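Visitor: Hello! I am new to this structure and would like a close look at a single part of it. Could you walk me through it slowly?

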Amino acid sequence: PRFVALVPAAGSGSRMRADCPKQYLLLHGKPVLWHSLKVLHTEPRISHIVLVLTEGDPWFARFDWSDLPRLQVLYCGGASRAETVRNGLANIASNTPDDPWILVHDAARPCLSRSDLTHLIDQLHADAVGGLLAVPVPETVKRATLDGHVAQTVPRQDLWLAQTPQMFRLRPLLAAHQGVLDTITDEASAMERQGDSPRLITGSRNNLKITYPEDLALAALLLPAADP
Ligand code: C5P
């Protein structure tokens, strides 16, 4: 089967309190987004990368993307991450008769390692459903009351943090994105709603999502200094 990457990058990144969306902040002199795309681009099994931006995105054109020739850019981002993904999937589906694997990867995860990406594909390419990179929750988790007291300590032995890439077949994934999308924050939950049970592939904590200002400094430390 073929493998296509889909990168939703239509978020505004309000938690970042920055002047531009977080995917365009600089990391080692390149936009965060460039790093997230670069690692996908180094995987030879991925035929091309579909990037979904907000209509009228003024930032993308300010940078040089010429070292990523397998990049295809769409300006059809939605109001939520799930809507952006659905729009991207619909575009891919209308241009291909087959049912490739889709690897959905956050624009804001620049520290994905090549080895985690390779491992994900190796583990899932023959799977019936697909799955995602994830790591066990390392800290003690509390459920809180509305007034900020502990209501319950949640056992963490069976809790995982979902990362990306998340890898599913195009047509089931698109079908899973046809209903209400308000509460969906990753592709796996869309599949779960359809009754599927995605596989968890152990990744690494370095694959962090840039969300808060301090995450950028951490990502700069974690990124390999010279990635050939
Ligand atoms: O905001 P959050 O960190 O959850 O965003 C995760 C990813 O989803 C980012 O790559 C962001 O650009 C993308 N996104 C999107 N369309 C939206 C909201 C978020 O493509 N409407």
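Which strands and which helix do the buried residues of α1 pack against?

Guide: Welcome! Please keep in mind that this is a predicted model. The buried residues of α1 pack against the strands β1, β2 (26-27), β3 (30-31), β4 and β5, and against helix α3 (114-124).

Let us start with the helix itself. Helix α1 spans residues 32-41, and eight of its 10 residues are buried, so the helix is mostly covered by the cut-off of 20 or more other C-beta atoms within 10 Å. The buried ones are Val32, Leu33, Trp34, His35, Ser36, Leu37, Val39 and Leu40.

Now look at what α1 helps to build. The largest nonpolar core has 50 residues, and Ala5, Leu6, Val7 and Ile102 have the most contacts inside it. Helix α1 gives the most to this core, with six residues. In soluble globular proteins, nonpolar side chains tend to be buried together.

Val7 links this core to the helix. Leaving out residues up to four places away in sequence, Val7 touches Ser36 and Leu37, and also Ile49, Leu51, Val52, His105 and Ala107. Both Ser36 and Leu37 are among the buried residues of α1.

Another helix shares some of these neighbours. Helix α2 covers residues 81-94 and reaches 20 Å from its first C-alpha to its last, close to the 20 Å expected at 1.5 Å a residue. Its buried residues are Arg81, Ala82, Thr84, Val85, Arg86, Gly88 and Leu89. They pack against β1 (3-8), β4 (46-52), β5 (71-74), β6 (101-104), α4 and α5 (187-193).

From α2 we can step across to α4, where Leu170 lies. Leu170 counts as buried because 20 C-beta neighbours lie inside 10 Å. Apart from neighbours within four places in sequence, Leu170 is in contact with Leu89, Ile92, Ala93, Asp99, Pro100 and Ile102.

Ile102 brings us back to the core, as one of the residues with the most contacts inside it. Ile102 also stands opposite Phe168 in β10. Four bridges join β6 to strand β10 (residues 160-169), and these two strands run antiparallel. Phe168 is the bridge partner of Gly130 too, and strand β7 (residues 130-136) pairs with β10 in the antiparallel sense over six bridges.

One last stop is the ligand. Among the 16 residues around the ligand, Pro8, Ala10, Gly11, Thr84 and Ala107 come nearest. You have already met two of these names: Thr84 is buried in α2, and Ala107 is touched by Val7.

Conventions:
Residues are numbered from 1 along each chain as its sequence is written. This is a predicted model: local features need pLDDT of at least 70, side-chain atom pairs count only at pLDDT 80 or more; totals for chains, interfaces and linings use all residues. A residue is near a molecule or strand if its C-beta atom, placed from the backbone, lies within 6 Å of it. A residue is buried if 20 or more other C-beta atoms lie within 10 Å of its own, exposed if 12 or fewer, and partly exposed in between; C-beta atoms are placed from the backbone. Two residues are in contact if their C-beta atoms, placed from the backbone, lie within 7 Å. A nonpolar core is a set of buried Ala, Val, Leu, Ile, Met, Phe, Trp, Tyr and Cys residues joined through C-beta atoms within 7 Å. The expected span of a helix is 1.5 Å times one less than its number of residues. Two strands pair if DSSP finds at least two bridges between them.
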